[in-house]
Amino acid sequence: MQSTKKLYNVVINYNYCKRCGICSWICPVKAIVEGEFDIPQISDPLKCTGCLQCERMCPDFAIDVRLVE
Ligand code: SF4
Ligand code: SF4
């Protein structure tokens, strides 16, 4: 049986990221967490629901969330 869960690819552009912590704070499922030196990390891409809150709230436009085809 084919899964109906949608998969999202969450990419953080570390050239733009200022390590403000907003994305890990706002992600409702903790798909993004704050790692060492306040660097945001994708903890588990399968958790991402595609809500886009991280992408919208990042002040440096450093996050790109895309539906995996
Ligand atoms: S919200 Fe943007 S700038 Fe802030 S830690 Fe996340 S990716 Fe970096
Ligand atoms: S799109 Fe939503 S669920 Fe996915 S990483 Fe961003 S805030 Fe978390």
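Leaving aside neighbours within four places in sequence, which residues is G50 in contact with? In this predicted model, the partners are Y8 and V65.

**View 1. G50 and its surroundings.** Here we zoom in on G50, which sits in the loop between β3 (40–42) and α2 (53–57). G50 has a relative accessible area of 19%, and since buried means under 20%, this glycine counts as buried. Once neighbours within four places in sequence are set aside, Y8 and V65 are what G50 touches. For a sense of scale, look across to I32: the two residues are 18 apart along the chain, and their C-alpha atoms are separated by 12 Å.

**View 2. The shell around ligand 2.** G50 turns up again here, as one of the residues surrounding ligand 2. Along with G50, the shell takes in C27, P28, V29, A31 and I32, then C48, T49, C51, L52 and C54, and finally V65. So V65 and I32, both met in the previous view, are part of this shell too. Sorted by class, ten of the shell residues are nonpolar and two are polar, with no charged ones. The space that ligand 2 takes up is the largest cavity.

**View 3. The shell around ligand 1.** Over at ligand 1, there are 13 residues in the shell, and C17, C20, G21, C23 and C58 come nearest. By class, nine of the shell residues are nonpolar, one is polar and three are charged. Ligand 1 occupies the space that ranks as the second largest cavity.

Conventions
Residues are numbered from 1 along each chain as its sequence is written. Chains are lettered from A and ligands numbered from 1 in the order in which they are written. This is a predicted model: local features need pLDDT of at least 70, side-chain atom pairs count only at pLDDT 80 or more; totals for chains, interfaces and linings use all residues. Side-chain values use heavy atoms; hydrogens and water are left out. A residue is near a molecule or strand if one of its heavy atoms lies within 4 Å of it. On a 1 Å grid over the protein atoms alone, a cavity is a set of points where a 1.4 Å probe fits but cannot get out, and a pocket is an open set with protein on both sides within 12 Å along at least five of seven lines; lining residues have an atom within 4 Å of a point. A molecule sits in a cavity or pocket if more than half of its atoms lie within 2 Å of its grid points. Ala, Val, Leu, Ile, Met, Phe, Trp, Tyr, Cys and Pro count as nonpolar, Asp, Glu, Lys and Arg as charged, and the others, Gly among them, as polar. Helices (H or I, at least four residues) and strands (E, at least two) are DSSP runs, numbered from the N terminus. Buried means under 20% relative accessible area, exposed over 50%, partly exposed in between (1.4 Å probe, protein chains only). Contact means heavy atoms within 4.5 Å.
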